[in-house]
Amino acid sequence: MIGSYSERVKNPFNEWKKNERKKYERYLESCISGNNQAGRKLRLGVKPEEVYTIENWRYVKRRENYQAIIPGNTQPGHIKGIARFAPKSVRNVISIGLFVSLVLGIAAWWEIDLLLIATASGGLSIAVGFALKETMENYFSYLQIRKEEIIQEGDRIEIEGYNGIVYKITPRVTYIKHGLNESIAIFPTHQLITSKIVNYSKDFKIVPAKIKIGVSYIHDPEYVTSILIKIGKRIMNEIKDERGQHMVVQEKCPYLEENLPSCGCDKDILVDIEQPTVRFSEFADSSLQFDLWLFVRDYTSQFKVKSHMRMMIYHEFKKYGIKIPWPVKTVYQGDEAKEQEYDKMFESSRQEVKKEYGLGDLGKAGIDD
């Protein structure tokens with residue numbers, strides 16, 4: 001006998017059907033009673049307008065950075081509006097075209113001179129065309145933006161020095177909301193085609209969070225590097241958003257080490273460098289300059305991550321006696337020896353950090369950006 005099994009129930013298939021039926025009964029009860037994520041009571045046979053089709057589901061998930069979609073969070077008719085590609089102006093043009101065709105048909109039936117009507121209409125069309133030149137530019141730019149998906153609602157863009165989130169695109173104007181909700185800028189829609197635009201949300205969402213830090217010349221750069229790497233690793237593991245997801249993109253989600261499912265921080269890996277990254281960048285006038293950066297999940301995450309990086313640098317530098325010098329010139333009169341003696345008090349703790357965290361890829365051969 002190659003293998004064996006023990007039968008726990010007499011009819012496993014029937015037991016499975018009973019369990020499945022109970023599961024769907026609980027699901028139906030949650031829908032009817034309103035005890036669900038949306039907190040709404042649903043009726044049998046009535047399809048809510050907020051239900052996403054598979055095409056719109058992909059679009060909304062991408063726009064919301066692949067966060068969970070909760071039914072009922074949008075106003076009624078929102079999904080219907082997304083699914084409808086043709087704007088209201090297109091439908092109006094179709095109606096006008098049908099009306100004009102009907103008028104021409106009646107004129108031909110009454111044997112009215114169509115050449116005279118065409119000549120008058122042509123002159124009028126030229127005048128109207130010049131008057132509506134910018135309007136038509138906006139309209140056809142809108143169609144091109146929608147067709148080629150150059151920019152979409154929810155994208156973070158920078159246009160003519162204004163940085164914000166695309167709030168609404170219409171055939172006439174485009175509303176761009178400031179990232180800190182300070183204002184809403186209104187641009188003619190054709191400007192999105194003719195102007196230089198930086199799109200921070202197109203195709204990928206990985207953004208570097210980079211800060212510069214200066215330390216005193218009395219410190220060994222290798223010790224400083226190891227401490228900064230320790231800080232970067234702590235940031236990668238500890239800093240999360242309001243949903244409990246890691247904000248720094250990494251090759252392997254730290255939750256997997258705890259036998260938990262990935263939060264998605266390892267979903268898009270477009271960088272092939274070792275994180276965190278530390279660079280000894282400059283011999284400045286009053287300090288040794290270092291760069292520390294990590295790659296975060298989206299544009300807005302960098303601000304929170306950089307704030308935590310600075311906070312952690314302050315505390316870790318105090319812990320290991322690393323001084324951040326004032327940006328002034330100091331005349332030493334025998335104090336340097338005293339400072340070096342003070343600096344040696346932290347030698348053993350710095351060696352432990354260097355031994356545990358190393359220097360990252362700072363000492364490796366290669367070409368950096």
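**Glycine 232, helix H8 and the two sheets**

Trainee: Leaving aside its neighbours within four places in sequence, which residues is glycine 232 in contact with?
Mentor: The model is a predicted one. A contact here requires heavy atoms within 4.5 Å. With neighbours within four places in sequence set aside, the residues in contact with glycine 232 are Pro276 and Leu294.

Trainee: Is glycine 232 buried or exposed?
Mentor: Glycine 232 belongs to helix H8. Its relative accessible area is 1%. Buried means under 20%, so glycine 232 is buried.

Trainee: What separates the C-alpha atoms of glycine 232 and leucine 292?
Mentor: Along the chain these two residues are 60 residues apart. In space, the separation of the C-alpha atoms of glycine 232 and leucine 292 is 7.7 Å.

Trainee: What is the order of strands in the open sheet of 3 strands?
Mentor: The pairing in this sheet is antiparallel. Its edge strands are S6 (207–215) and S7 (277–283), each of which pairs on one side only. The order is S6-S8-S7.

Trainee: How many bridges pair S6 with strand S8?
Mentor: Strand S8 covers residues 288–296. Valine 207 stands opposite valine 296 in S8. S6 and S8 run in the antiparallel sense, and their pairing extends over 9 bridges.

Trainee: Which strands does H8 touch where it packs on the sheet?
Mentor: Take the sheet with the order S6-S8-S7. Its neighbouring strands are turned against each other by 25° on average, direction ignored. H8 packs on this sheet with its direction at about 20° to that of S8, and the strands it touches are S6, S7 and S8.

Trainee: And which strands does H9 touch where it packs on the sheet?
Mentor: H9 also lies against the sheet with the order S6-S8-S7. The direction of H9 makes about 25° with that of S6. The strands touched by H9 are S6 and S8.

Trainee: Why is H8 described as oblique to H9?
Mentor: The axes of H8 (residues 221–238) and H9 (residues 301–319) come within 10 Å and cross at roughly 135°. Angles over 145 degrees would count as roughly antiparallel, and 65 to 115 as roughly perpendicular. The angle falls in neither range, which means that the relation of H8 to H9 is oblique.

Trainee: How many nonpolar residues does the contact of H8 with H9 have?
Mentor: The crossing of H8 and H9 is right-handed. H8 contributes Val224, Ile227, Leu228, Lys230, Ile231, Arg234, Ile235 and Glu238, while H9 contributes Val305, His308, Met309, Met312, Ile313, Glu316, Phe317 and Lys319. By class, the contact has 5 charged residues and 1 polar residue, and the number of nonpolar residues is 10.

Trainee: How are H8 and H11 placed relative to each other?
Mentor: The axes of H8 and H11 (residues 347–357) come within 9 Å and cross at roughly 60°. Angles under 35 degrees count as roughly parallel, and roughly perpendicular begins at 65. H8 and H11 are therefore oblique.

Trainee: How many charged residues are in the contact of H8 with H11?
Mentor: The crossing of these two helices, H8 and H11, is left-handed. Glu222, Tyr223, Ser226, Ile227, Ile229, Lys230 and Lys233 in H8 meet Glu347, Arg350, Gln351, Val353, Lys354 and Tyr357 in H11. The residues of this contact include 5 nonpolar and 2 polar, and the number of charged ones is 6.

Trainee: Which are the edge strands of the open sheet of 5 strands?
Mentor: The order is S4-S3-S2-S1-S5, with antiparallel pairing. Neighbouring strands of this sheet are turned by 40° on average, direction ignored. Two strands pair on one side only, and these edge strands are S4 (184–188) and S5 (197–199).

Trainee: Which residue in S3 does glycine 164 stand opposite?
Mentor: S2 (residues 162–169) and S3 (residues 173–178) run antiparallel and are joined by 5 bridges. Across this pair, the residue opposite glycine 164 is histidine 178.

Trainee: Is glycine 161 buried or exposed?
Mentor: Glycine 161 sits in the loop between S1 (156–159) and S2. Its C-alpha atom is 9.9 Å from that of lysine 196, 35 residues apart in sequence. The relative accessible area of glycine 161 is 67%. The cut-off is over 50%, so glycine 161 is exposed.

Trainee: What percentage of the residues of the chain count as buried?
Mentor: The chain has 11 helices and 8 strands. Among its contacts between residues at least 6 apart in sequence, 61% join residues at least 24 apart. Of the 369 residues, the share that count as buried is 32%.

Methods
Residues are numbered from 1 along each chain as its sequence is written. This is a predicted model: local features need pLDDT of at least 70, side-chain atom pairs count only at pLDDT 80 or more; totals for chains, interfaces and linings use all residues. Side-chain values use heavy atoms; hydrogens and water are left out. Axes are lines fitted to C-alpha atoms, for helices over the stretch in contact, and angles run from 0 to 180 degrees between N-to-C directions. Helices (H or I, at least four residues) and strands (E, at least two) are DSSP runs, numbered from the N terminus. A crossing is left-handed if the near helix is turned anticlockwise from the far one by less than a right angle, and right-handed if clockwise. Ala, Val, Leu, Ile, Met, Phe, Trp, Tyr, Cys and Pro count as nonpolar, Asp, Glu, Lys and Arg as charged, and the others, Gly among them, as polar. Two strands pair if DSSP finds at least two bridges between them. Buried means under 20% relative accessible area, exposed over 50%, partly exposed in between (1.4 Å probe, protein chains only).
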